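Dear colleague,

I am passing on the structure we spoke about, and I would be glad if you opened it before reading further. My notes follow below it.

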Amino acid sequence: MTEIKAVGVVGSGQMGSGIAQLAAVHGLDVWLLDTDPAALSRATKSITSNIHRLISKGQLSQAAGNDALGHLRCSSNLEELRMADIVIEAIVESEDAKKTLFLELDRIAKSSAILASNTSSISITRLASATSRPRQVIGMHFMNPPPIMKLVEIVRGADTSDNTFYATKALAERFGKTVICSQDFSGFVVNRILMPMINEAFYALYTGVATKEDIDTGMKLGTNHPMGPLQLADFIGLDVCLSIMKVLQAGLGDNKYAPCPLLVQYVDAGRLGRKRGIGVYDYRAAEQVKRSARL
């Protein structure tokens, strides 16, 4: 089985930075890559802040925290990934963008390296087809935020080898995660169930069944969900939800997965959720209060 000592992560958003943090805290050398220097800077600050918070709460020793930060390197140059044993992509949820990246990673990464995708819905088999190493391509879907959520969904493509699967599973378990396995169908397990529920919540709002507050309260108190579906959509990103619904509709060929027009409208308007300050809910006033409190 491939021994993983060095990890590359491409994409320094919330998912990528969280995965990089996990790897660093668990003693692996990590290269975090992003073409946007500002995004890398934000990710570095976020990871540093999160590790200091773990230290202050007694969940990590000062020495272990310093060691974790020493394992982390940031770069905008993909060539830095030449020595990585596994590269995990966590870029935008676009098949074309991921295939383009995998084509580059296939050229750069050493021949034994595993190429993993954090995609939440796109076919691993199709992503693997962009490479000359389909046996070493696998889906490794972390939940958001990766340092906190306990689950990793592993998806084997048509040609994924047993060695690739077991090495990836061992890495997830080293991170303290519970692993579930999915066949390579659109949406896999989690999002095939979750996203239609979120989409239906948008339809309930769109058709005037109830207010957004009552929809979320109903699901929180009526089904014991920790977060209502519309609030969760804002947390995930409405653009991500829309992208996954489109993948489900195209991949499964059923119009029951058609995205709600209200979801489409919000994304068209730039109302993408918490990351933009407004989605189904408006977070701008609360963010302003937080900024003022820090001054």
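What span should the 20 residues of helix 2 (residues 37-56) have at 1.5 Å a residue? Please keep in mind that this is a predicted model. The expected value is 28 Å, and the end C-alpha atoms of helix 2 are 29 Å apart, which agrees.

Helix 2 also has two sides that are worth comparing on your screen. Its buried residues are Ala 39, Leu 40, Ala 43, Ile 47, Ile 51 and Ile 55, and, seen down the helix axis, these fall within an arc of 145°, so they line one face of the helix. The general background is that an α-helix has 3.6 residues a turn, so residues three or four places apart point the same way. On the other side of helix 2, Arg 42, Lys 45 and Ser 56 are exposed. The cover over the buried residues of helix 2 includes helix 1, strand 2 (29-33), helix 3 (62-71) and strand 3 (72-75).

The two ends of helix 2 have details of their own. At its start, a side-chain oxygen of Asp 36 comes to within 3.0 Å of the backbone nitrogen of Ala 38, while just after the helix Gly 58 takes a positive phi of about 80°.

Turning to the nonpolar cores, the largest has 36 residues, and those with the most contacts inside it are Val 7, Leu 32, Ile 86, Ile 88, Met 140 and Phe 142. Helix 1 (residues 14-25) gives the most to this core, with six residues. A second, separate core has 27 residues, among them Ile 244, Cys 260, Val 280 and Tyr 281.

With best wishes

Terms used:
Residues are numbered from 1 along each chain as its sequence is written. This is a predicted model: local features need pLDDT of at least 70, side-chain atom pairs count only at pLDDT 80 or more; totals for chains, interfaces and linings use all residues. Side-chain values use heavy atoms; hydrogens and water are left out. A nonpolar core is a set of buried Ala, Val, Leu, Ile, Met, Phe, Trp, Tyr and Cys residues joined through side-chain atoms within 4.5 Å. Buried means under 20% relative accessible area, exposed over 50%, partly exposed in between (1.4 Å probe, protein chains only). Helices (H or I, at least four residues) and strands (E, at least two) are DSSP runs, numbered from the N terminus. The expected span of a helix is 1.5 Å times one less than its number of residues. The arc is that of the directions from the helix axis to the C-beta atoms. Contact means heavy atoms within 4.5 Å. A polar contact is a pair of N or O atoms within 3.5 Å; within protein, one must be able to donate a hydrogen and the other to accept it, and residues adjacent in sequence count only if both atoms are side-chain atoms.
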